[in-house]
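Colleague: I'm new to this one, so could you take me through a single part of it? I'd like a close look at how the helices pack.

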Amino acid sequence: DVAVDQNALDAIVYLAEGDMRKAINILQTASILKKKIDEETIYSVTSKADPLAVKKMLMLAVDGRFKEARTQLLVLLLERGIAGEDIIKEIHNQILNFEISDEKKIGLIEKVGEYEFRLTEGSNPRIQLEALLAQIGLIGKK
């Protein structure tokens, strides 16, 4: 028997993006690791950035708390092994849902695009994402 909590199911729905086969594959992979599946297990087997962790990191950056935001980034990159490209995609998703002015959103999305391009060109993910957090902090203070 496999038990799946509601947060894990919500994470599967979010990550599968409407693709039932993807949802089943995520669940099957998670069930190999544990018989009681939680949200953390889902994000660990998919190597995707946890939206709540990314949101927390962004809120710290917007509030001008760069060191704390950077610590969150390092947890995602180094401890959880999330790819820089996956983190930046989730940053984009989170910015779209931020309760900030459209002017600030436009500025943030422009910066995300710039740094995503740098990542695809082979730049160091840690340096680029730290620089992006700094830019987010500057835009947040305006």
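Modeller: Here is a walk through the helix packing, starting from the N-terminal end.

This is a predicted model, where local features need pLDDT of at least 70, side-chain atom pairs count only at pLDDT 80 or more, and totals for chains, interfaces and linings use all residues. Residues are numbered from 1 along each chain as its sequence is written, and side-chain values use heavy atoms, with hydrogens and water left out.

Let's start with helix α1 (residues 6–16) and helix α3 (residues 39–46), whose axes come within 7 Å and cross at roughly 30 degrees. Helices here are DSSP runs of H or I, at least four residues, numbered from the N terminus. Axes are lines fitted to C-alpha atoms over the stretch in contact, and angles run from 0 to 180 degrees between N-to-C directions. On the α1 side, the contact (heavy atoms within 4.5 Å) uses Asn7, Ala8, Ala11, Ile12, Tyr14 and Leu15, and α3 brings Glu39, Ile42, Tyr43 and Thr46. Sorted by class, that's seven nonpolar, two polar and one charged. Ala, Val, Leu, Ile, Met, Phe, Trp, Tyr, Cys and Pro count as nonpolar, Asp, Glu, Lys and Arg as charged, and the others, Gly among them, as polar.

Now for the other partner, helix α2 (residues 20–33): its axis and that of α1 come within 9 Å and cross at roughly 135 degrees. That makes α1 and α2 oblique to each other (not under 35 degrees, roughly parallel; over 145, roughly antiparallel; or 65 to 115, roughly perpendicular). Here Ile12, Leu15 and Ala16 of α1 touch Lys22, Ala23, Ile26 and Leu27 of α2. This contact has six nonpolar residues, no polar and one charged.

Further along, helix α4 (residues 51–62) packs on helix α8 (residues 125–141) at about 55 degrees, with axes 7 Å apart. So α4 and α8 are oblique as well. Met57, Leu58, Ala61 and Val62 from α4 meet Leu133, Ile136, Gly137 and Gly140 from α8, giving six nonpolar, two polar and no charged residues.

Notes
Helices (H or I, at least four residues) and strands (E, at least two) are DSSP runs, numbered from the N terminus.
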